[in-house]
Amino acid sequence: MDTVPARTAISADAAQRRRGERARTIPEQIADHLGIAILNGDYRGRERISEQEVATLYGVSRGPVREAIRALEKRGLVELFPRRGAYVVDITLDAIADIFNIRAVLLGLAARNLAMRSDAGDAVAELVEHTNGVRRLAAAEDVDPVAFALAVGRTGGIMYRRCGNPHLIRMLRQQNQGSLWGLIWRERPLDFLTAQRRLETAADWMAVAGAIRKGDGRRAERLVRKALYDSRDGAMVTLRQLRGEQVDPSKFIRD
């Protein structure tokens, strides 16, 4: 298994601080890197994760590793068995495609809810300003695809946090923090690998912001789903190459 060394995790954490994000704890870093390794297929389904091996790899005691493994269990990526240890859950590309599809529907609903609000002027202004920034980032040369993906992800965050639906907000936040979705864009670029793809994505999100500003909830919802489905398709191309797997064609749903 080719897992990222601890020193790389620390370097990545420094980059997070430069982007204004909260620095991750050591257990969080380990959990994220192990989760990404599972996503990429470096760990296979039903493979045992050795606490000692991981602790040695990262140069830490077994305590932070246990915390990391418990976090992975909450995300549904490993199963813990008494006296046997932690075993990787079999994460297929079909399951990852399902996560994209669920995200598309939930985030689309958030966009529709926000567009219907008459008291969301500040949120809409913030969304428009942010999507203008995404467009500028897409037009820049030598854009890091991961940085671009995170900027796009923050667009969705602006929408759902201000959508006015507490249950929907909680579901989307839980998906961010407690599932595989929170790892998909963490480090390895799965989509947005070309300038054309980034410009297309920026245009989609500009259109979403415009529809919300006009109060056209149906169009906003449809556009958000399209943007997520397009990202799903791009990510599946990358992951098929990484993992050597195929995806059930029925997963590529479209409106």
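**A helix across a small sheet, and two helix stories**

Let me begin with helix α4, residues 62–74, which in this predicted model lies across β1, β2 and β3 and runs at about 115° to β2. Those 3 strands form an open sheet in the order β1-β3-β2, with antiparallel pairing. β1 (48–49) and β2 (78–81) stand at the edges, each with a single partner strand, so one side of each is left without a neighbour in the sheet. If we look at the pairing of β2 with strand β3, residues 85–88, we find that it is antiparallel and extends over 4 bridges, and that Phe 81 stands opposite Gly 85 in β3.

Turning to the helices, how are α2 and α11 arranged relative to each other? Helix α2, residues 26–40, packs against helix α11, residues 217–243, at an angle of about 85°, with the axes 9 Å apart, and the two are therefore roughly perpendicular. On the α2 side the contact is made by Ile 38, Leu 39 and Asn 40, and on the α11 side by Leu 239, Leu 242 and Arg 243; these residues divide into 4 nonpolar, 1 polar and 1 charged.

Finally, I would like to come to helix α10, residues 195–213, whose 19 residues at 1.5 Å a residue should span 27 Å, and the end C-alpha atoms are indeed 27 Å apart, which agrees. Its buried residues include Arg 197, Arg 198, Asp 204 and Trp 205, as well as Val 208 and Ile 212, and what covers the buried residues of α10 includes α5 (93–116), α6 (121–139), α7 (145–161) and α11. Just after α10, Gly 215 takes a positive phi of about 80°.

Terms used: Residues are numbered from 1 along each chain as its sequence is written. This is a predicted model: local features need pLDDT of at least 70, side-chain atom pairs count only at pLDDT 80 or more; totals for chains, interfaces and linings use all residues. Side-chain values use heavy atoms; hydrogens and water are left out. Axes are lines fitted to C-alpha atoms, for helices over the stretch in contact, and angles run from 0 to 180 degrees between N-to-C directions. Angles under 35 degrees count as roughly parallel, over 145 as roughly antiparallel, 65 to 115 as roughly perpendicular and the rest as oblique. Contact means heavy atoms within 4.5 Å. Ala, Val, Leu, Ile, Met, Phe, Trp, Tyr, Cys and Pro count as nonpolar, Asp, Glu, Lys and Arg as charged, and the others, Gly among them, as polar. Two strands pair if DSSP finds at least two bridges between them. The expected span of a helix is 1.5 Å times one less than its number of residues. Buried means under 20% relative accessible area, exposed over 50%, partly exposed in between (1.4 Å probe, protein chains only).
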